[in-house]
Amino acid sequence: MKSITAVVVLTLTVLAFTGQAKNIEFKVADKDFLVKQKFVLDILQHIYQDDVHVVKYADSFYEYKPWEHVSDYHHAEKLEHFFELWQHHPFHDDQVWTVMYERHEEYGVGLVRLFYFAKNWETFQHAAFWARQHVNKQLFVYAFTIASLFRDDMQGVVLPAHYEIHPWSFFDAETLETAEHYKMHGFHHVKQLNNIYNVVVKSNYTNFHGDLNYEHGLAYFLEDVGFNSFYYYFNLDYPFWTKGNEVNVLNKDRRGELYLYVHWQLLARYYMERLSNDLGEVPTFNMYEPVDAGFYSGLRGYNGVPYPSRDNEHHFYHKDNVEFVKHVELYSQRIMDWIHKNSKHDVEVINQLGNMLQGNVDSIDKQFYGSLDKWYRYIVNEGRPFGKWQETYPGTFMHYDTSMRDPLFFEVYKNLLTHYWHLMETFPEYTKVDYGFEGVKIDAVHMPESLTTYFEYFDADISNAVNVENVEHTVVPTHDALYAFGRNSFHNGSSFVVKARQHRLNHKPFEFTMDITADKAQTAVVKVFIGPKYDEYGHVIPLEHNYQNFFELEHFKVQLEAGVNHVKRASGDFSFWVSDRTTYLELYQKLMDATNSDYKFKLDQSETHCGVPNRMMLPKGKKGGQVYQFFYMVYPFHEPTVPQYTGYDPIVSCGVGHGSRYVDALPFGFPFNRPVKHDYYFEVDNFKFFDVKIFHRDEHTNVA
């Protein structure tokens, strides 16, 4: 990429005789790239306020109307419908936007195309500025984020954490109200740190005042800002309404199979967390019966309207949902018929099923099979009528960044995934021949017999939730470097930062070493899973009933040598896990230093949007310890159709849509991706189970 200069490559090497290190390689942004980075940080500040840009934009930005500049866009004919729609029925902040409604989807698709088809950076800037001033802000953030992920000239640009761009989707109303009060009171009695008013607001989970039900005790997990952000970004990487573009073809990534696997893994992880809290299996959503688990969202929008909540024993089978229930019944039966007529047993069939269940544009027949994903969301969205379009107020289930807060999310997707397991029942069972690796044996696994989890303070910059003065009413002070640079969280002559402090789950680092004997030099893969050992009653769960509950931790390629191999891996080096995000304020400070000095603004994948938060790797466990089991596998390397990292730069990109994101061609979840009917088939030399007891050091989940 022309706008990134590679001046340093740093590799943190895993100390192993064999094995592939996790490469924390970085590039350094050049001046042109820094300009783009600054525009992104500036445009996403205080998004519900229009006149807060510190840097004065040229008149052309304020006068800009994209339909008057169609020659500046590729595929202008694809923008005609959006322009016509906008000029007849603009979508402002007096409405609440969700991509789940078909009418709203039109605006989302149109705005993404507007941003993506901009022929150059200047046009993109003007289009983004126009949308920032006029378009509903949830819609704007959605479209701006997708365009940023896919535009060639924005690869590597760092978006602030979504929970800092739009804190209303992550932090409860009490937290946001307290933050606003500090500003309204002029930060009275607040001390400055480095000339910045520094406010820390205690932000508790929604069960602080008591549990609504047993599931509410897992609020620390359900409401985790990093986990919810991961799910949000996953759905923006693979929007259901598009196939991608000429370069990023989403179905190359086996998008349907990935959709199924991500939800399967979320369920497995949630079940282990339930066991840590003495809860059992995740119930399967039954739309005809009352649902045990009520839900208190605790959230409100910028407009002040609270997100709907739900009582315990709520009944979804009522007259307002009859149409939705009928659609679920119809499409479920059609999909089950397709499953049982299927005679193929390959990955492509799984991919087709995932596309059908989600109802994305790669479905083999979207009109016939619908979108069970959407219809279930419509059933659960128990909002009241809202607005002039006779729509139901879109609650937490209708937004990707809030869906997982509701325990019913997992019940619904457990129901959806029954179709996947029905399909896998039609596949032949794996046998020892399928599992084995001739000439290769795991002699031993060395890792701690006990692991430790704990809660620790985590601060998020929620300054965006606080309204600031319009810039034209403020004299720009020369002594406040951050404000002069463009950061507009500012009051009475000084910058401010408001941080929401929460307790978040984390674990102490650990590592493992595998002693592997091979009869010859060859390429292999190593996979590591964690799963439950006992149910909530202390009974061992047979593998025949437990295979769906294993959660993948690591998957990497190794080069085995003839003889004894020692493969060592630290938890901090696991491939698809990422560190906590750098805060909005810190991003601004680093960018300012890089712009005004020789400080290096580094770009890497250590905090990438497509990674899973490292701190969520292990279930909480218990104070007296709780036994889980690790599963280790070494297996022949199956070359993927497109070699990994082909077509993109893995230092700055997640590679979505290139068909080269994956280590190998194995089905996702192998060897647990088919029903296990004979547990002794797992008694092969290249598989190894290892019991570990997880101790939790502290029981306090809230900060006050």
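The legends below describe close-up views of a predicted model.

**View 1. An open sheet of 3 strands, ordered 7-11-14****.**
Pairing in this sheet is antiparallel. Strand 7 (440-446) and strand 14 (563-570) form the edges, each pairing on one side only. From one strand to the next, the twist averages 20°.

**View 2. Strand 7 beside strand 11 (residues 511-518)****.**
The two strands are antiparallel and are paired over 6 bridges. Within this pairing, Ile442 is placed opposite Ile516 of strand 11.

**View 3. The surroundings of Ala444 in strand 7****.**
Which residues does Ala444 touch, once its neighbours within four places in sequence are left aside? The contacts are Thr513, Met514 and Asp515. Ile516 is 72 residues from Ala444 along the chain, and the C-alpha atoms of Ala444 and Ile516 are 7.4 Å apart.

**View 4. Strand 12 (residues 522-532) joined to strand 13****.**
The connection consists of 9 bridges, and the strands run antiparallel. Val526 faces Phe556, a residue of strand 13. Strand 13 spans residues 551-560 and is mostly covered, with 8 of its 10 residues buried.

**View 5. The salt bridge between Lys27 and Asp649****.**
This view and the next two show examples from the 31 salt bridges found in a search of the whole structure. In general, side chains of opposite charge can pair when their charged atoms come close. For Lys27 and Asp649, the closest N and O atoms are 2.5 Å apart. The pair links distant parts of the chain, 622 residues apart: Lys27 belongs to strand 2 (residues 27-29), and Asp649 to the loop between strand 18 (626-636) and strand 19 (687-696). Are these two residues buried or partly exposed? Lys27 has a relative accessible area of 16% and is therefore buried, the cut-off being under 20%. Asp649 has a relative accessibility of 24%, so this residue counts as partly exposed.

**View 6. The salt bridge between Glu105 and Lys374****.**
The N to O distance between these side chains is 3.2 Å. Why does the pair tie together separate parts of the sequence? Glu105 is in helix 4 (residues 102-117) and Lys374 is in helix 15 (residues 372-380), so the parts joined are 269 residues apart in sequence. Both Glu105 and Lys374 are buried.

**View 7. The salt bridge between Arg569 and Glu554****.**
The side chains meet at 2.8 Å, N to O. Arg569 is in strand 14 and Glu554 is in strand 13, and the two residues are 15 residues apart. Through its Arg569 end, the pair involves strand 14, an edge strand of the sheet in View 1. Arg569 counts as buried because its relative accessibility is 2%. Glu554 is at 0% relative accessibility, so Glu554 counts as buried.

**View 8. A network of salt bridges that share partners****.**
Which residues are joined in the network? The members are Asp224, Glu456, Arg504, Asp580 and Arg615. Shared partners connect their salt bridges into one network.

Notes:
Residues are numbered from 1 along each chain as its sequence is written. This is a predicted model: local features need pLDDT of at least 70, side-chain atom pairs count only at pLDDT 80 or more; totals for chains, interfaces and linings use all residues. Side-chain values use heavy atoms; hydrogens and water are left out. Two strands pair if DSSP finds at least two bridges between them. Helices (H or I, at least four residues) and strands (E, at least two) are DSSP runs, numbered from the N terminus. Axes are lines fitted to C-alpha atoms, for helices over the stretch in contact, and angles run from 0 to 180 degrees between N-to-C directions. Buried means under 20% relative accessible area, exposed over 50%, partly exposed in between (1.4 Å probe, protein chains only). Contact means heavy atoms within 4.5 Å. A salt bridge is a side-chain nitrogen of Lys or Arg within 4 Å of a carboxyl oxygen of Asp or Glu.
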